[in-house]
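Q: Please take a close look at one part of this structure, for a reader who has not met it before, and describe in connected prose what is found there and how its pieces fit together.

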Amino acid sequence: MDRIQILPDSVKKKIAAGEVVEGPFSVVKELVENSIDAGATEIEVEVFESGLKKLVVRDNGAGIHRDDVALALMEHATSKIRDIADIERIGSFGFRGEALSSIAEISRITMYTRTEGAEAGARLAYREGSLEMSDYAGPAGTTIIVENLFYNTPARKKFMKSKTVEMRNIRAVFLRMAIAHPGIRFSLLSEGKQGIRLERVSTLEERMEQVYGADTLK
């Protein structure tokens, strides 16, 4: 029997990433939840090759302070709790700060973000442990681009279903999030073409009608 040893950080991080990211739909879930927590009223999801090649989530939320951007991809970096007592009163979707860190470990991730009123935001690119930052002067909010998902964990990629099934999973997650938040405008695009567009409405019933139609709502 081999002797006991501590796994290298690079291995630990990829194992942890596999627990958070089951497939492209998991990335959509985590990033859209972050957008909702940021107070976004408009969220757009765009996927290419069912999210395995490229996945983009854009929002008009609060954005990330320029000085905090480099922290956003670190393990357990979060703006949502401060101490153990905060866990008793969680009011957000995510709070452990593991989602972006995990996604970055098994993809190539680029983030554009600016807070309202800031003259300049930041562009962050993370590639295999290397972090690059530069200025960004785009609209307030956050755009996250995830490319080549599972490129460095081929065994994980082999377990992905067909592109049709993976797209169906993305659509199901997207609609669940959209139904629960009628006050947010949601858009889903695939290969550059509009798939689903749900305008902001006032009630859950109106959103249900948008998704399922009047007959099903009745």
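A: In this predicted model, a first detail is the placement of Arg108, which lies over the face of Tyr151 at 4.0 Å from the ring centre. The part to look at closely, however, is the sheet and the helix that packs on it. The sheet is open and has eight strands, arranged in the order β5-β4-β3-β6-β2-β1-β7-β8 with mixed pairing. Its edges are formed by β5 (130–136) and β8 (193–198), each of which pairs on one side only, and from one strand to the next the twist averages 10°.

Within this order, strand β1, made of residues 42–48, and strand β7, made of residues 185–190, pair in the parallel sense over six bridges. Along this pairing, Glu44 stands opposite Ser187 in β7. Helix α5, which covers residues 163–180, packs on the sheet and touches β1, β7 and β8, while its direction makes about 170° with that of β7.

The aromatic rings add a further detail, with a count of two aromatic pairs. One of them is formed by Phe174 and Phe186, whose arrangement is edge-to-face, with 5.7 Å centre to centre and 90° between the planes. Phe174 lies in helix α5 and Phe186 in strand β7, so this pair ties together parts that are twelve residues apart in sequence. Both Phe174 and Phe186 are buried. Helix α5 and strand β7 are thus linked in this description twice, through the packing of the helix on the sheet and through the pair of Phe174 with Phe186.

Methods: Residues are numbered from 1 along each chain as its sequence is written. This is a predicted model: local features need pLDDT of at least 70, side-chain atom pairs count only at pLDDT 80 or more; totals for chains, interfaces and linings use all residues. Side-chain values use heavy atoms; hydrogens and water are left out. Two strands pair if DSSP finds at least two bridges between them. Helices (H or I, at least four residues) and strands (E, at least two) are DSSP runs, numbered from the N terminus. Axes are lines fitted to C-alpha atoms, for helices over the stretch in contact, and angles run from 0 to 180 degrees between N-to-C directions. Contact means heavy atoms within 4.5 Å. Rings of Phe, Tyr and Trp (its six-membered ring) pair if their centres lie within 6.5 Å; planes under 30 degrees apart count as stacked, over 60 as edge-to-face and the rest as tilted. Buried means under 20% relative accessible area, exposed over 50%, partly exposed in between (1.4 Å probe, protein chains only). A charge sits over a ring if NZ of Lys or CZ of Arg is within 6 Å of the ring centre and within 35 degrees of the ring normal.
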